Amino acid sequence: YSGKHAPTMEPEIVEKERTTNNLSRSDLSVTSHAANWRLLAATQLFGESQKAGEIVASFLDLSSGAFRNSWWKIEDELGIEHGMISAEIILKNLKEAVAKQGENAILHNGKVPLTVSFDMGWQKKGRKHESLSGHAFLICVFTSKIIGMIVYSKTCIKCSNYSDRGLVKADFPSHNCSKNYDGSSKGMEATAALQMVQQIFHHDSV
């Protein structure tokens with residue numbers, strides 16, 4: 001999940017931005033092997049960097065240098081797939097939560113009341129709330145399953161790189177921008193809660 005798409009949306013309308021057409025011959029030789037994709041995915045799960053992935057690759061007799069120019073492109077592809085899978089799971093959980101209430105719970109406006117739990121987390125520890133990114137979950141109390149999720153980011157590494165090169169925003173190359181929040185880090189909590197409730201309230205596919 002990149003944070004750009006709201007996982008409570010139907011998965012079929014979550015845009016799938018493939019980057020394969022822009023890959024060079026050397027990139028394609030890397031992305032054509034399942035082991036490389038699994039290695040990168042595992043590195044992400046451990047919270048490690050590209051450098052750690054290259055070290056692990058060397059222990060597996062894989063060419064560590066092969067990832068040097070292809071790593072971020074594979075990350076982009078994986079992020080899109082993760083977002084789509086998350087959207088499917090959360091939509092399924094939301095339908096289950098609504099069904100759990102039964103037909104007698106349907107209100108005059110066609111809505112079903114849900115009891116939920118909410119929590120927000122930030123990537124940077126501390127009480128100053130200076131984190132550049134944060135994530136929030138909405139959990140159905142009756143099913144204990146996530147029915148809403150959102151990830152906020154105040155920065156985009158690619159936008160920063162383009163800016164450092166002297167490019168103005170209008171000239172930035174097309175990319176999957178991760179920046180989707182401009183307020184304070186502390187304000188992410190209230191904003192995320194409101195946005196997820198609104199998304200579920202206006203959801204017509206459940």
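In the predicted model, helix α4, formed by residues 71-101, lies across β2 and β3. The direction of α4 makes an angle of about 140° with that of β3. A further helix, α6 (residues 188-201), lies across β1, β2 and β3. Here the angle to β3 is about 135°.

The strands contacted by these helices belong to an open sheet of three strands, arranged in the order β1-β2-β3 with antiparallel pairing. The edges of the sheet are occupied by β1 (116-122) and β3 (146-153). Each of these has a single partner strand, so one side of each is left without a neighbour in the sheet. From one strand to the next, the twist averages 10°. Strand β2, comprising residues 133-140, runs antiparallel to β3 and is joined to β3 by seven bridges. Within the sheet, F137 is placed opposite M149 of β3. In general, the strands of a sheet pair through backbone hydrogen bonds, in either a parallel or an antiparallel manner.

Five salt bridges are present in the structure. One of them is formed by K145 and E96, with 2.9 Å between the closest N and O atoms. K145 is located in the loop between β2 and β3, whereas E96 belongs to helix α4, so the pair ties together parts that are 49 residues apart in sequence. The helix that contributes E96 is also the one that lies across β2 and β3. Both residues are accessible in part: K145 is partly exposed, with a relative accessible area of 33%, and E96 is likewise classed as partly exposed, at 28%.

The five salt bridges also include a contact between the side chains of K124 and E130, with an N to O distance of 3.2 Å. For K124 the relative accessibility is 46%, which counts as partly exposed. E130 falls in the partly exposed class as well, at 43%.

A salt bridge is also found between the side chains of K186 and E189, where the N to O distance is 3.3 Å. K186 has a relative accessible area of 44% and is partly exposed. The relative accessibility of E189 is 25%, and this residue is again partly exposed. E189 lies within the span of helix α6, residues 188-201.

Terms used. Residues are numbered from 1 along each chain as its sequence is written. This is a predicted model: local features need pLDDT of at least 70, side-chain atom pairs count only at pLDDT 80 or more; totals for chains, interfaces and linings use all residues. Side-chain values use heavy atoms; hydrogens and water are left out. Two strands pair if DSSP finds at least two bridges between them. Helices (H or I, at least four residues) and strands (E, at least two) are DSSP runs, numbered from the N terminus. Axes are lines fitted to C-alpha atoms, for helices over the stretch in contact, and angles run from 0 to 180 degrees between N-to-C directions. Contact means heavy atoms within 4.5 Å. A salt bridge is a side-chain nitrogen of Lys or Arg within 4 Å of a carboxyl oxygen of Asp or Glu. Buried means under 20% relative accessible area, exposed over 50%, partly exposed in between (1.4 Å probe, protein chains only).
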